Amino acid sequence: MSNPSNFPKELSGHRALVTGGTRGIGAAVAQRLLDADAKVVVVARKADKDMPAGATFVSGDVSTSAGVQAIAKEALAALGGLDILVNNAGGARAFLEGSWTIPDEAWDDSFTLNLQAAIRLTNALLPALRESKAAAVVNISSAAASMPFGPFVHYGAAKAALEYYSRTLALELAPGIRVNVVSPGVIATPGSDEFARTTPGFSTDAWLQLLPLGRIGATEDVAEVVALLVSDRGKFLTGANYRVDGGMTAR
Ligand SMILES: NC(=O)c1ccc[n+]([C@@H]2O[C@H](COP(=O)([O-])OP(=O)(O)OC[C@H]3O[C@@H](n4cnc5c(N)ncnc54)[C@H](OP(=O)(O)O)[C@@H]3O)[C@@H](O)[C@H]2O)c1
């Protein structure tokens with residue numbers, strides 16, 4: 001875990017919302033922002049034992065329109081405004097027999113959670129972000145967006161659309177609000193552990209073959225890049241996609 005004393009208090013006075021911030025990558029991002037002295041709200045459907053202690057928990061479902069509206073209202077009431085939005089909640093299950101076996105409902109669910117949730121929440125929070133003097137949005141995509149793979153095409157396609165949306169938004173909102181994408185590769189989280197355990201053919205050993213740096217990523221590897229992007233150190237960065245994947249997509 002991160003050591004708060006290593007980090008400058010560069011986000012003092014900044015207010016942040018992290019979806020899916022109760023565990024995995026989202027929890028590490030929330031903790032990293034707290035370490036930099038930001039005030040942080042984490043959102044998920046239910047509380048989790050790994051939730052960062054210093055964050056305020058807001059319960060909600062980002063995959064419904066009503067859920068997003070309620071989350072935006074409650075988060076703004078808790079924070080009193082917003083400077084940093086991290087759209088991190090996401091995921092999907094694999095369909096190992098191939099893309100043609102993915103039911104309509106799974107396609108819809110993937111696009112709702114991995115794309116539309118970020119669009120809806122960003123739109124709901126845009127008035128607050130426009131009030132900020134240092135607004136930054138980070139959308140969490142995936143290496144899957146750039147690696148065609150049938151069993152996961154509904155997920156990769158939704159994340160690829162999230163990247164396209166983010167670049168468009170970055171151009172629309174510049175110079176007032178910066179928008180970037182972070183694309184993790186294989187990162188050890190409860191979500192990826194569950195995936196490896198329940199999906200035949202996906203083991204840690206198999207993944208290591210794909211990773212030039214020779215290890216699975218840590219959630220802190222992703223959190224560090226997010227912290228850079230939302231801080232003043234990232235003030236010339238917008239409309240870009242930062243791959244945090246140990247070289248997996250370099251080939
Ligand atoms: N781990 C990886 O290797 C990896 C690689 C590439 C990209 N990513 C991306 O990184 C992000 C985080 O992944 P992760 O592995 O850290 O996930 P995770 O361990 O499965 O955690 C997911 C988080 O999102 C929340 N969440 C899920 N559905 C939600 C919903 N409908 N409404 C509100 N909150 C919701 C979960 O809480 P509740 O279940 O309580 O709602 C939890 O806090 C995702 O966008 C994922 O696609 C991960």
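The following questions and answers examine how terms are applied to this predicted model.

Q: Why is A160 called partly exposed?
A: The relative accessibility of A160 is 32%. Buried requires under 20% and exposed over 50%, so the value for A160 places this residue in the partly exposed class. A160 is found in helix α4, residues 153-173.

Q: Why is D37 called partly exposed?
A: D37 has a relative accessible area of 36%. Because the class in between begins where buried (under 20%) ends and stops where exposed (over 50%) begins, D37 is partly exposed. The place of D37 is in the loop between α1 and β2.

Q: What makes the phi of D37 worth noting?
A: Phi of D37 is near 80°, a positive value, and D37 is a residue other than glycine.

Q: What makes strand β5 largely enclosed by the rest of the structure?
A: Strand β5 spans residues 135-140, and 6 of its 6 residues are buried, so the rest of the structure largely encloses this strand. Buried here means under 20% relative accessible area. A135, V137 and N139 point one way from β5, while A136, V138 and I140 point the other way, and all are buried.

Q: Why do side chains in a regular strand point in two directions?
A: In a regular strand the side chains alternate between the two faces of the sheet.

Q: How do you know that β6 is mostly covered?
A: In β6, 8 of its 8 residues are buried. I177, V179, V181 and S183 point one way from β6, and R178, N180, V182 and P184 point the other way; all are buried.

Q: What makes β2 a mostly covered strand?
A: Strand β2 comprises residues 39-44, and 5 of its 6 residues are buried.

Q: How do you know that β1 and β2 pair?
A: Pairing requires at least two bridges between the strands, and β1 (residues 15-19) and β2 are joined over 5 bridges in the parallel sense. These strands therefore meet the criterion. In β2, the bridge partner of L17 is V41. The chain crosses from β1 through α1 to β2, and this β-α-β crossover is right-handed.

Q: How do you know that β2 and β3 pair?
A: β2 and strand β3 (residues 56-59) are paired over 4 bridges, in the parallel sense, and the criterion asks for at least two. V41 stands opposite T56 in β3.

Q: What makes β4 and β5 a pair, and through which helix does the chain cross between them?
A: Strand β4 (residues 84-87) and β5 run parallel and are joined by 4 bridges, against a requirement of at least two. V86 stands opposite V138 in β5. The chain crosses from β4 through helix α3 (residues 104-131) to β5, in a right-handed β-α-β crossover.

Q: What makes β5 and β6 a pair?
A: β5 and strand β6 (residues 177-184) run parallel with 6 bridges between them, and at least two are needed. In β6, the bridge partner of A135 is I177, and that of V137 is V179. The chain crosses from β5 through α4 to β6, and this β-α-β crossover is right-handed.

Q: How do you know that β6 and β7 pair?
A: β6 and strand β7 (residues 241-244) are joined in the parallel sense over 4 bridges, where at least two are required. P184 stands opposite V244 in β7.

Q: What makes the bond between A174 and P175 a cis peptide bond?
A: Omega is about 5° for the cis peptide bond that joins A174 and P175. P175 lies in the loop between α4 and β6.

Q: How do you know that R45 and T189 have polar contacts with the ligand?
A: A polar contact is a pair of N or O atoms within 3.5 Å. An N or O atom in the side chain of R45 is 2.8 Å from an oxygen atom of the ligand, and a polar side-chain atom of T189 lies 2.6 Å from a ligand oxygen atom. Both distances are within the cut-off, and therefore both pairs count as polar contacts.

Q: How much of the ligand does the protein cover?
A: The protein covers 92% of the 880 Å² of accessible area that the ligand has on its own. The elements giving two or more residues to the shell around the ligand are α1 (24-35), α4 and α5 (190-198).

Technical notes
Residues numbered from 1 in each chain as written. Predicted model: local features only at pLDDT ≥ 70, side-chain atom pairs only at ≥ 80, totals over all residues. Heavy atoms only, no water. Buried < 20%, exposed > 50% of the residue type's maximum accessible area, 1.4 Å probe, protein only. Polar contact = N/O pair within 3.5 Å; in protein donor to acceptor, adjacent residues only side chain to side chain. Areas by Shrake-Rupley, 256 points an atom, 1.4 Å probe, with all protein chains shown as cover. Right-handed = clockwise from strand over helix to strand, strands pointing away.
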